[in-house]
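Me: I'm new to this, so could you pick a single part of this model and take me through it slowly? I'd like to know what sits around it, too.

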Amino acid sequence: MPYTARVITVSDRSAAGLREDRGGPLAVSLLRDAGFDCDVPVVVPDGADSVEAALRAAIATGVGLVVTTGGTGIAPTDRTPEGTTRVLDRELPGIAEELRRRGLADTPLAVISRGLAGIADPATLVVNLPGSTRAVASGIAVLAELAPHVLDQLAGGDHS
């Protein structure tokens, strides 16, 4: 059975229909290419409450991986990490650090991403990515390497 994933795009403009969501569909395509069963992205407005609600809805379906795109920066409306922290039971800071490290190959601005990664019990890996398509592509490449192992561990797999 393939791993399952969901993508949540966080953007006021995309949620209002003022800008096409490019990061979410790219994330879905790349996750599918990596072998994940992934529905079309959900688009929600910026804000901790909307992010929390969307994450809780995705987690309730039993999905293994939830990826958010957008809202990880320092603009006043960038509150994706604040909504994410409300649903995480355990953080995995190494994943967020690696996402920022790999993002530096594209832009020095990668270091100001405040994205988080962690586990929402019982067994969902939640990861915040910036909204740019470059950051999404770079981030999904990291997750394609790491997420299967994390999900196997959450399912009780051995530490091999």
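Reply: Here's a close look at one strand, its partners and the loops on either side.

A quick heads-up: this is a predicted model, where local features need pLDDT of at least 70 and side-chain atom pairs count only at pLDDT 80 or more, while totals for chains, interfaces and linings use all residues. Residues are numbered from 1 along each chain as its sequence is written, and side-chain values use heavy atoms, leaving out hydrogens and water.

Our part is strand S6, residues 117–120. Helices (H or I, at least four residues) and strands (E, at least two) are DSSP runs, numbered from the N terminus. In a regular strand, side chains alternate between the two faces of the sheet. Now look at S6: Ala117 and Ile119 are on one side, Gly118 and Ala120 are on the other, and all of them are buried, so both faces are covered. Buried means under 20% relative accessible area, exposed means over 50%, and partly exposed is in between (1.4 Å probe, protein chains only).

Next, the partners. Two strands pair if DSSP finds at least two bridges between them. S6 runs antiparallel to strand S5 (residues 90–91), and 2 bridges join them. S6 is also antiparallel to strand S7, this time with 4 bridges. Keep an eye on Gly118: in S5, Glu91 is its bridge partner, and in S7 it stands opposite Val126.

How does the chain get from S6 to S7 (124–129)? A hairpin joins S6 to S7 through 3 residues. Pro122 is in that loop, and the peptide bond leading into Pro122 from Asp121 is cis, with omega near 15°.

Now step back to the other end. Before S6 there's a loop coming from helix H5 (93–103), and Val111 lies in that loop. Is Val111 buried or exposed? Val111 counts as exposed because its relative accessibility is 53%. Val111 also belongs to a nonpolar surface patch of about 500 Å², along with Ile74, Leu104, Leu109 and Ile112. For a patch, residues need over 30% relative accessible area and no salt bridge; like charges are joined within 9 Å, nonpolar side chains (Val, Leu, Ile, Met, Phe, Trp, Tyr) within 5 Å.

So here's the picture to keep: S6 has buried residues on both faces, while Val111, in the loop before S6, is exposed.

Notes
Areas by Shrake-Rupley, 256 points an atom, 1.4 Å probe, with all protein chains shown as cover. Salt bridge = Lys/Arg side-chain N within 4 Å of Asp/Glu carboxyl O.
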